[in-house]
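Here are a few short exercises to work through at your own pace. Have a look at the structure, then follow each solution step by step.

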Amino acid sequence: VKSDHVLTDDELNDLVARTLDTVAGAVGEPASLHTELRRRHRWVLPCAAASVVVLGIGALVLLAARDRQPLPPLDGTGPTLGEYGFTDREQVAVESAQDRMMRDCMATRGQPYGLQTDLARQYRVGTLDEFWSEIGRTDPDRAATLGYQPSPRTRSQEPNAAWSDDPAWVTEWDGGAAGPTVDIVDPRTGEPTGASQLAGGCFGQVMAFLYGDQARFTSVDDFFLNQLDSIQRSYVDDPRLAQSIAQWAECMSGKGYRWRNPLDPMLHFMDENSFDVRHRTPSAEEVRTAVDDVACKQSSGLLDTARELWLAYGREAVADAPDIAAEHGLLVDTAVQRSAQFEAGELVGPWRDDRSPSAPTNTDRCTWLPDGTDLDLSAGERAELTTYLGDVAAAVADDEARRVSSTASLVPPPWLINGGACRRHVTADVVDDAIASLEP
Amino acid sequence: MVRPMSELPVDGEEVTRPAESVEAVYRRLGRELLGLATLLTGSRQSGEELLHDVFAAAIPRWSSIEQPEHYLRRAIVNRVRSHQRRLVTAGRWRPDPDVVTGEPEIDETWRLLRALPANQRAAIVLRIKLGLADREIAGHLDCSEATVRSLVSRGLGRLRKELS
């Protein structure tokens with residue numbers, strides 16, 4: 001495309017207009033809302049966004065008329081698909097480790113990085129009620145305190161928003177749009193799905209470190225998530241669920257409500273802006289309705305039916321592709337184990353040998369803390385920093401001028417952004433303060 | 001708030017609804033709106049998530065939306081900025097594949113458009129694709145009209161430099 005010819009305004013406008021029209025026409029059909037929901041809920045978006053979509057998709061799915069498939073037996077045996085995925089606790093642990101790995105890696109590339117708070121991680125994982133997307137509020141304690149709000153604080157500050165538009169930062173993050181990619185294939189046949197995942201920068205390093213083979217994990221996980229989508233589609237159409245919903249509606253009618261769909265009361269009390277409001281206080285009416293709603297889900301057997309059906313369809317999915325389920329389970333176990341080893345300081349990522357000249361001496365501020373943020377260290381990091389500070393303290397004590405010149409050969413942990421600055425003008429007092437700050 | 005039982009429609013009572021269901025509108029307009037969302041965000045995946053966000057948010061108020069097509073298009077444009085901030089997290093673990101048209105000139109130009117800062121790209125899309133006036137674009141991007149002109153000028157200037 002590049003040439004010696006300088007485009008005129010008209011030529012450039014025409015080229016851009018054609019590009020926009022062509023790309024807009026090439027995007028294809030959008031995926032089902034339901035499919036996207038499942039991905040978001042498990043992996044990425046904060047609870048607020050996921051919850052909005054869950055509600056919408058759940059309503060759409062329940063309203064949709066679908067062809068009936070043979071129904072799986074409720075008394076079947078064998079493993080169910082959920083056994084091969086992350087538990088909520090495992091997902092929080094792995095995401096937490098991933099976060100620290102990304103921080104380490106970005107620091108070695110001279111780039112800032114803000115850790116997600118524990119609270120934010122927990123909002124993304126495991127805080128939605130059981131079967132929230134299918135039948136709404138099911139937790140009696142949350143009903144009594146939150147009404148239909150998914151959590152008291154549904155949004156968290158994205159700590160990396162400030163620099164996410166910086167192309168240099170994005171390139172170090174995942175290689176950017178022009179970086180390397182891995183193709184996502186059907187793990188059973190190797191046939192490309194047409195999708196791919198970026199595999200450059202720190203993201204690629206972290207994925208390889210955690211899963212061993214990013215391409216294989218991504219393909220197996222994509223298949224696994226598609227199976228979950230398929231389960232949910234079948235599940236919500238199951239006449240046994242519909243029967244339980246009718247019993248729930250009868251129970252609600254006995255309490256003075258007229259809702260026919262278990263998502264209706266939730267939708268009724270929510271509006272578009274409710275997710276932007278932190279600590280929204282539900283009205284007494286909302287709480288009373290939610291409490292009655294959950295009580296009916298329990299007494300009518302709807303919640304039990306939901307659980308039984310989920311297991312039944314999960315068993316069916318495993319029977320359909322047992323090898324892939326087992327492989328996904330192994331990949332999950334690997335990631336969980338390596339995350340724990342990383343957090344304990346038993347493993348370090350390959351990025352530790354990948355230090356650029358610009359890091360970590362990219363500031364003249366000497367704080368000893370990672371990027372001046374709150375001290376939030378894993379056990380391994382805490383031990384690493386304690387050892388390093390001990391070495392610095394010993395070197396300073398041995399130095400006649402009580403300066404840090406003799407510690408120049410000491411290498412601070414790569415995530416200690418300001419460590420390099422401290423090497424230039426640290427004093428015994430600063431080191432003592434830093435060591436004290438590490439004490440529980 | 002929950003209405004008293006006496007105010008609730010009884011079975012068979014007519015309830016005001018838009019002419020088309022959410023699903024029908026999604027089927028009819030989904031592809032077109034996905035195209036717009038993809039251009040504004042620079043990413044098919046981000047565009048699709050934006051599209052789904054907009055539909056999901058519209059469901060609770062569907063009965064009060066008189067012109068779904070107009071409403072949804074405006075909602076996509078209006079939500080681009082906040083949506084992109086939110087997707088910073090999403091992009092971390094689920095980066096998206098690029099749209100490929102098979103036409104080298106178009107693909108290269110799209111690659112360069114994607115590489116533009118988000119505001120520059122959005123300003124160009126809103127002006128060239130949707131034909132909006134600078135005043136309307138300024139409203140969507142929460143900036144002055146002068147800034148809109150600057151964003152478009154700088155964006156196109158960068159494209160020209162890269163393509164020449």
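**Exercise 1: a glycine in its surroundings**

Place B:Gly35 in its element, then describe its surroundings.

Step 1. B:Gly35 sits in helix H1 (residues 22-41) of chain B; helices are DSSP runs (H or I, at least four residues), numbered from the N terminus. This is a predicted model, where local features need pLDDT of at least 70, side-chain atom pairs count only at pLDDT 80 or more, and totals for chains, interfaces and linings use all residues. Residues are numbered from 1 along each chain as its sequence is written, chains are lettered from A and ligands numbered from 1 in the order in which they are written, and side-chain values use heavy atoms, with hydrogens and water left out.

Step 2. B:Gly35 has a relative accessible area of 0% and is buried (under 20%; 1.4 Å probe, protein chains only).

Step 3. Not counting residues up to four places away in sequence, B:Gly35 touches A:Ala24 and A:Val27 (contact: heavy atoms within 4.5 Å).

**Exercise 2: aromatic pairs**

How many aromatic pairs does a search of the whole structure find?

Step 1. The search finds six over all chains; rings of Phe, Tyr and Trp (its six-membered ring) pair if their centres lie within 6.5 Å, with planes under 30 degrees apart stacked, over 60 edge-to-face and the rest tilted.

Step 2. One of them, A:Phe209 with A:Phe342, is edge-to-face, at 6.4 Å centre to centre and 75 degrees between the planes.

Step 3. A:Phe209 belongs to helix H9 and A:Phe342 to helix H15 of chain A, so the pair ties together parts 133 residues apart in sequence.

Note on methods:
Helix = DSSP H or I, 4+ residues; strand = E, 2+ residues; numbered from the N terminus. Buried < 20%, exposed > 50% of the residue type's maximum accessible area, 1.4 Å probe, protein only.
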